[in-house]
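Welcome! Here are some short exercises to work through with the structure open beside you. Try each task before reading its solution.

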Amino acid sequence: MRYRYAMNFPRCTQLAIAGLVGVLAILPAGAAGPLKTLRYIFPAAETGFDPAVARDLYTGHVTQAIFETLYSYDYLARPVLLVPHAASGLPEVSNDGKTYTIRLKKGQYFTPDPAFKGKRRELTMADYVYSWKRLFDPKLASPHSWLFEGKVVGLDQLAADAKKTGKFDYDKAVAGLELVDPYTLRIHLTQTDFNLGMILAHEPTVALAREVVEKYGDINGAVHGNPVGTGHYKLGQWVRGNRIVLEKNTEHHAEVWDFKGNGTPDDQRIIAQMKGKTIPQIDRIDIRVMVEDQSRWLSFQSGGVDLFWLDGPLAPKAILNGKLRPELAAKGVQLSRQIDPEITYYYWNMQDPVVGGFSKEKIALRRAIAMAHNVDEEISIVWNGQAQRVDYPIPPGVVGHDPAYRSILQYDPALANKLLDRFGYKKGKDGWRTLPDGKPLVISYTSRNEASGVLMAEVWRKTYNALGIRMENKRMIFSDLLQAEKLCKVQSRNYQWMADYPDGDNFMQLHYGPNVNQNNAACFADPEVDKLYAQSQKMPAGPERDVLYHRIARRIEVTGAARMAYSRFRNMLAQPAVLGYTKHPILHQEWAYIDIDPSK
Amino acid sequence: MFAYILRRLWQMLPTMAGVVLLVFLLFNWVGGDPAYILAGKMANADEIENIRRQLGTDQPYYVQLWIFIKQIVTFDFGNAWSTGEAVSSIISSRLGPSLTVLIPLTILETFFGIALALAIAFVRGSLTDRGVMIACTVGMSISILVYIIVFQYFFAYKMGLFPVQGWGDGFAENLLRYATLPILIGLAVSIAPTLRLYRSFVLDEVNQDYVRTARAKGLGERRIMWVHVLRNAAIPIITHVMANLPALLIGAFLLERFFGIPGIGREVILAVERSDFPVIKAITVYVAAATMIFNLLTDLLYQAVDPRVQLK
């Protein structure tokens, strides 16, 4: 992060600050001015605040504010820029990308808690090592173990031993996590990985204190209700599923807002509003859970909410042609709009007897369907226009994205029909096509059992009707859908993937053969793609790796395994009182970097 | 009386067994496998199996059913799968907000339902009676969603009479500030069917011989209605009110969702969305038990209201 530390100020300045703090401390409380409170909304309930087991976006907002990762992202830099957070500098990476040396800032403390028995508890690298080991504890069953799985020398063995003995040995040293001193950690990887820095910016890798886990952990060792971290905020009040109040962590080391930005007018405005202020400015974050669209929208309009995620169905109420509606702009409401680091693509199950396989007629079938589907229409109908069509498997804002890339699978229903005619998918007297062997052709499209799932299915039905292919829609609850998908039993669907870390690798792995039954939803195992992807993993981001990614993207199109579709916009509305706000593509929330003017 | 109560309690056991079996079968048939959600998006087969082991869903069905029965007997349903919160804590903490809305609503609904039914019965067959019945039919034809959306928009947002949504820390604040509009909406929705029902109960009585006798004795219409008719109409009214009481345990989930009330109804929906079986089964079992107990209480109340009723 680009900030200066108060401890780096000249000694006379430090003394002056200390004196000023002393004077302020003896002033009556009323003289300190009103608390700055930011009111925020979650459209879905949080789960619990253990970063090792929490897996939903909204819980991630809170854990990101309470705990600290070693790395984070510059608030204004675009494309996103990795910066030190709890670490004192960027990692020192060996030439082969297998050894990372990371140094921690000294003097960072956990918020006071009875678990520390009245002593100040300093954050050390051992806390990170302990927290990463937790991800492998079979009892905890963390959904985030993949972050380190197969990567750190000896870490997987610890989990394997625990499965045998039934007890996870947190005290056993792991060869790949070498504690040089309390503030220095050397990580030894099993294979080249240039993305570890970004992994260490992902909130499941934050540090928890072992004493806290041992004091408050449940039967599985999860600490849902007592989050004790070193971040900018601490948990003040929690009414589960309804209200979360975060209070400023006064123990947090001093930082000064000094982001540079890219020189855009928005950046200049933000810098003018925020430069030189201490981080964080806002004393309290008051989060309410409001699941209904109308309640959220009316709350924002009536001034009951300061910062508001204008998702899906609400977008037309505030946005017209990509811009804020004039009546809202006149009130001073601010819009921060950007493409989310996510992608939706359509896949056809490559193991399915009807649509799968690499024979020419199967490839023709998939490509024809891909070309017959009007992505723009889907964006308009299902997402109220709040998405952007994409051709490349890596979405905008993610390292490796190529805005100039153009897919060979463009919307052309006439050509799609010709392709099917040519490969023997004949139309019968009833107007429906059959397979080349004369058997009936029916394709199943699976969607979630909710409103958007129904809409998607209807858009797809139009596509299949235009081709003369019968389509049936299977609607499933989410857990059933995930199960069927992991077992390669879904014939086709819209698949969405949100970045865990903003590197192309996180998206390209979706098409890697060994990830079938995990997150390779198309069950696509192509030796050429697998070889290219394996090569790319050994490279840092750059033009050389991009060449490989281009070849993978083209291969996906040529085989018709998937068609890239769109990335959705994230529209955030802020009241006029909110200062310095812009939506960051990766950070869940930006509370520490903004301010609020109570007079407005 | 004591023997009657014991017999009724004993009869609850097979009913509860049926409920338990039905809930168990339904969850395992259509409930989905929560391990796939809990495992996260990068999970492999081993990790999913490990989560099943942690949840106990890898056990044979008869073992899972036995665990379920033990949980009912010990009143310990363990922790919610999705949040780790104790199920007992979920129920105890969410019940208060639900009851803050639903108890006043039930009282007001019953009071206004009875008062209006008697008033309408006074003028039965008149234009007023017909007008009210048409209004009730129209009111019943409108979805509660419409009431919520319109009332929230006009009374809370446009006129600013109530908060758009929210919930505070104190009982008085919640009842007088946050629960008022949800209660009014609940009343607007429920008063029409209640009024029609109670009116029919009253009209069933007004043509009885004892009413004619009372009139012949020279009693005033008010006394006849409020004392004689109401006492006899009370039995079906009590049945209706008592039968609705167990529903308080489920809460009014739409009101809770729209007005941000951290009640049990919203929790039920959340549990279903998350395939959180411990929460679903605990609430289902409690509601079933409450229904049976309230049915028993209803029967006991019959005797209190009308001594002619014999409990056998």
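A residue counts as buried if 20 or more other C-beta atoms lie within 10 Å of its own, exposed if 12 or fewer, and partly exposed in between, with C-beta atoms placed from the backbone. This is a predicted model, in which local features need pLDDT of at least 70 and side-chain atom pairs count only at pLDDT 80 or more, while totals for chains, interfaces and linings use all residues. Residues are numbered from 1 along each chain as its sequence is written, and chains are lettered from A and ligands numbered from 1 in the order in which they are written.

**Exercise 1.** Find A:Asn517 and decide whether this residue is buried, exposed or partly exposed.

*Solution.* Start in the loop between helix H16 (505-508) and helix H17 (527-537) of chain A, where A:Asn517 sits. Helices (H or I, at least four residues) and strands (E, at least two) are DSSP runs, numbered from the N terminus. Next, count neighbours: 15 other C-beta atoms lie within 10 Å, so A:Asn517 is partly exposed. Finally, check the backbone: A:Asn517 has a positive phi of about 75°, although it is not a glycine.

**Exercise 2.** Do the same for A:Asn321: is this residue buried or exposed?

*Solution.* Look in the loop between strand S14 (319-320) and strand S15 (323-324) of chain A. A:Asn321 has 6 C-beta neighbours inside 10 Å and therefore counts as exposed. Its phi is positive too, at about 55°, and it is not a glycine.

**Exercise 3.** Describe how strands S8 (residues 233-239) and S9 (residues 243-248) of chain A are joined.

*Solution.* First, the pairing: 6 bridges join S8(A) to S9(A), and the strands run antiparallel. Strands pair if DSSP finds at least two bridges between them. Then pick a position: A:Gln237 stands opposite A:Val245 in S9(A). Last, the turn: the two strands form a hairpin with 3 residues between them, and A:Gly241 there has a positive phi of about 70°.

**Exercise 4.** Work out which element of chain A gives the most residues to the side that touches chain B.

*Solution.* Begin with the totals: 41 residues of chain A are in contact with 39 residues of chain B (contact: C-beta atoms, placed from the backbone, within 7 Å). The elements giving two or more residues to this side of chain A are strand S12 (284-289), helix H8 (293-301) and helix H15 (478-486). H15(A) gives the most, with 6 residues.

Terms used. Two residues are in contact if their C-beta atoms, placed from the backbone, lie within 7 Å.
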